Amino acid sequence: MRTRTAARVRTWLLLGICLSANVLYQGRNPPVGFDIVDLGTPPPATVVRLAALGESVFAGYLITIFLQNVDVPLGRATPLADLDRPALIRWFDLATDLDPGSGSPMLLATRHYAETGTPAQRRMMLDWAYRRFEERPNQRWPWLVHAVFVARHVLKDNALAESYAAALRTQVTDPTVPPW
């Protein structure tokens, strides 16, 4: 009985020592500040297609994965609001042009990036999604539906939400789409 109690005391003592050592270490070594990722200019689509050996869909997928994780290079996070939105849009355009059938860039724009940052940054992402929606309304309508939600409930801009909803009503002709 005493050995069992002594073992528990030693275990709790060791755990307390390890926790204290971790607190001391973290106090002396604060986290490194944020790095601002520079997206730069995306390469031309022809160069990307050539590098991907003609696999445009795969190249578009890789670019989308890159954009999804661009804010955490080597474990050092960049706040999404600090990313250059015009550069981000150029990368989204490249991914969408390489794989027009993919919804991943639209998903990232309306869910990941349109819900962070300043209202102007959010509006920029929603406007990009709307421009790309107009190219293929029957395919890209789900992301404009989310853009309506973001405009209405996140930005509190009823006029913008109504204009996107009107585009959904007038431009989407697929009979399987819910009637709005």
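Is Tyr130 buried, exposed or partly exposed, and what is its relative accessible area? Tyr130 comes out as partly exposed, at a relative accessible area of 22%; here buried means under 20%, exposed means over 50%, and partly exposed is what falls in between, using a 1.4 Å probe and protein chains only. The model is a predicted one, so local features need pLDDT of at least 70 and side-chain atom pairs count only at pLDDT 80 or more, while totals for chains, interfaces and linings use all residues. Residues are numbered from 1 along each chain as its sequence is written, and side-chain values use heavy atoms, with hydrogens and water left out.

As for the overall fold, the chain has eight helices and zero strands, giving the pattern α-α-α-α-α-α-α-α along the sequence. Helices (H or I, at least four residues) and strands (E, at least two) are DSSP runs, numbered from the N terminus. The radius of gyration is 24 Å, against the value near 16 Å that a compact globule of 180 residues would have; it is taken over C-alpha atoms, and the globule rule is 2.2 Å times the number of residues to the power 0.38. Along the principal axes, the C-alpha trace spans about 80 × 40 × 30 Å. Of the 180 residues, 35% are buried. Among contacts (heavy atoms within 4.5 Å) with a separation of 6 or more, 73% come from residues 24 or more positions apart.

Now to the rings. The structure holds five aromatic pairs. Rings of Phe, Tyr and Trp (its six-membered ring) pair if their centres lie within 6.5 Å; planes under 30 degrees apart count as stacked, over 60 as edge-to-face and the rest as tilted. One of the pairs joins Tyr130 and Tyr164, and it is stacked because the ring centres are 5.3 Å apart and the planes sit at 25°. Tyr130 belongs to helix H6 (residues 119-135) and Tyr164 to helix H8 (residues 158-171), so the pair ties together parts that are 34 residues apart in sequence. Unlike the partly exposed Tyr130, Tyr164 counts as buried, at 2% relative accessibility. Elsewhere, ring pairs link Phe92, Tyr113 and Trp128 into a cluster.

Two of those cluster residues turn up again around Leu108, which sits in helix H5 (residues 104-113) and counts as buried at 8% relative accessibility. Leaving aside residues up to four places away in sequence, Leu108 touches Thr64, Leu67, Gln68, Phe92 and Tyr113. Measuring C-alpha to C-alpha, Leu108 and Ala129 are 9.8 Å apart in space and 21 residues apart in sequence.
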